Amino acid sequence: DETQISAAEHFTIIALESYWAETQRLRGGYIPFPRRSKHKPTIINPELETLLGEFGVGLADLPVEQAAFEIGQLYTHALPPQHRAQYGIYYTPPLLANRLLDKAQAAGIRWSQVHVLDPACGGGAFLIPVAVRLIRDMQGTDAVMIIRNLQTRIEGWDIDPFACWLSSVFINVAAVKETIHTGTLVKPTILTKDSLISSKRRHNHFDLVVGNPPFGKIRLDPKTRARYTRSLYGHANLYGLFTDLAVSLTKPNGVIAFLTPTSFLAGEYFKALRSTLWKEAPPISLDFVESRKGIFDGVLQETILATYRKGGRRRNTNSYVVHPTITELQITKSGVFNLPRREPSAPWIIARKPDDKDLIGITQSFH
């Protein structure tokens, strides 16, 4: 496994270095590639190395979010399948990441003012478009100030040090105009850490906590189980723990925007998590992702894009069905969702199509 992981990193670096050089050339300047100090080159045949370099060059005309996704796909698909599954390494396509950020913006997030965290940032699927939005909103501002804001307003944590490095490199690509102008690289706050056990001091700290956390059942030691006990009932699932963590890390009136499986909506093991959200962070908007074919290859669970308000009022919530195509999202409003009135842990019954609303109204009257 270690050999294959090292090879996956090396393949990615070859493509990324070519991509970096081409994006710099297209901008008419050059900042040296931020090499990874711990990188151990793998011996590969010259033909493959040429192909990887050409792949990187070919991505330079794409939006940075799409280029990052394509290089992220190269990395994740070269990893051992069991390693990828164990750590939930499935990077979010730009269409879905931007839809979730649009929902956060609709909830009041302002990119030039936000302090944002992705506690499972991977290769930067959310942090990169956040950087793009921050730069866009700060156009006309001094380049040094833009770089400073990228370093202080955007934060990412991940257990994978290589993924953290990828996030940092691509944030610099997003800021290529500013880095060439100043001659300095952005040094974003991207930290290699286990978010679930090392974030106590950051509670109530962020305006927006966003991401696509890993999922899967996990055995917890007594200390970790005690820490997340308010949201646990029976078996623990990683994404449930990350959702509870996000609630803790977000400022009052801040926003949580997560892409997760839908199993928490009605699953018995998630009844305590539903109760936590009911009491502390009611939903603002919910999108069902209708089709995952070609979107999250190898992921069988149905997924949902959800935004929540820390300390918000329990109110009517719009629900949508989102169908991704190659170039766009087809979005249909499916109904209006109300949290259970009497029982915080009761299942959330949400319309998948407009015709469901009458049946749901009858069902919700019992909760």
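Aromatic pairs, of which there are 11 in this structure, offer a way into the model, which is a predicted one. One of them joins Trp20 and Phe33 in an edge-to-face arrangement, with 5.8 Å from centre to centre and 75° between the planes. Because Trp20 belongs to helix α1 (residues 2-27) whereas Phe33 sits in the loop between α1 and α2 (46-58), this pair ties together parts that are 13 residues apart in sequence. Trp20, at 1% relative accessibility, counts as buried, and Phe33 is likewise buried, with a relative accessible area of 9%. Both residues belong to one aromatic cluster, which also takes in Tyr75, Phe162 and Trp165.

Phe162 leads on to helix α8, since a side-chain oxygen of Asp160 lies 2.9 Å from the backbone nitrogen of Phe162 and Asp160 thereby caps the N-terminal end of α8. The helix has 14 residues and spans 20 Å from its first C-alpha to its last, close to the 20 Å expected at 1.5 Å a residue. Helix α8 is mostly covered, with 13 of its 14 residues buried.

The sheet comes next. It is open and contains 9 strands in the order β3-β2-β1-β4-β7-β9-β8-β10-β11, with mixed pairing. Because β3 (189-192) and β11 (329-337) each have a single partner strand, they stand at the edges, and one side of each is left without a neighbour in the sheet. On average, neighbouring strands of this sheet are turned by 15° against each other, direction ignored. Helix α8 (residues 161-174) packs on the sheet, where it touches β2 (154-158) and β3, and its direction makes about 170° with that of β3.

Elsewhere in the sheet, strand β7 (residues 250-261) pairs with strand β9 (residues 303-309) in the antiparallel sense over 7 bridges, and within this pairing Val255 has Arg309 of β9 as its bridge partner. Strand β10 (residues 317-324) and β11 are also antiparallel, paired over 8 bridges, and a hairpin joins β10 to β11 through 4 residues. Thr317 stands opposite Phe337 in β11.

Phe337 brings the account back to aromatic rings. What kind of pair do the rings of Phe337 and Trp348 form? Their centres are 5.6 Å apart and their planes lie at 40°, so the pair is tilted. This pair links distant parts of the chain, with Phe337 in strand β11 and Trp348 in the loop between β11 and α13 (357-364), 11 residues apart. Both Phe337 and Trp348 are buried.

Note on methods:
Residues numbered from 1 in each chain as written. Predicted model: local features only at pLDDT ≥ 70, side-chain atom pairs only at ≥ 80, totals over all residues. Heavy atoms only, no water. Pairing = 2+ DSSP bridges. Helix = DSSP H or I, 4+ residues; strand = E, 2+ residues; numbered from the N terminus. Axes fitted to C-alpha atoms, helices over the stretch in contact; angles between N-to-C directions. Contact = heavy atoms within 4.5 Å. Expected span 1.5 Å × (residues − 1). Buried < 20%, exposed > 50% of the residue type's maximum accessible area, 1.4 Å probe, protein only. Polar contact = N/O pair within 3.5 Å; in protein donor to acceptor, adjacent residues only side chain to side chain. Phe/Tyr/Trp six-rings, centres within 6.5 Å; stacked < 30°, edge-to-face > 60°.
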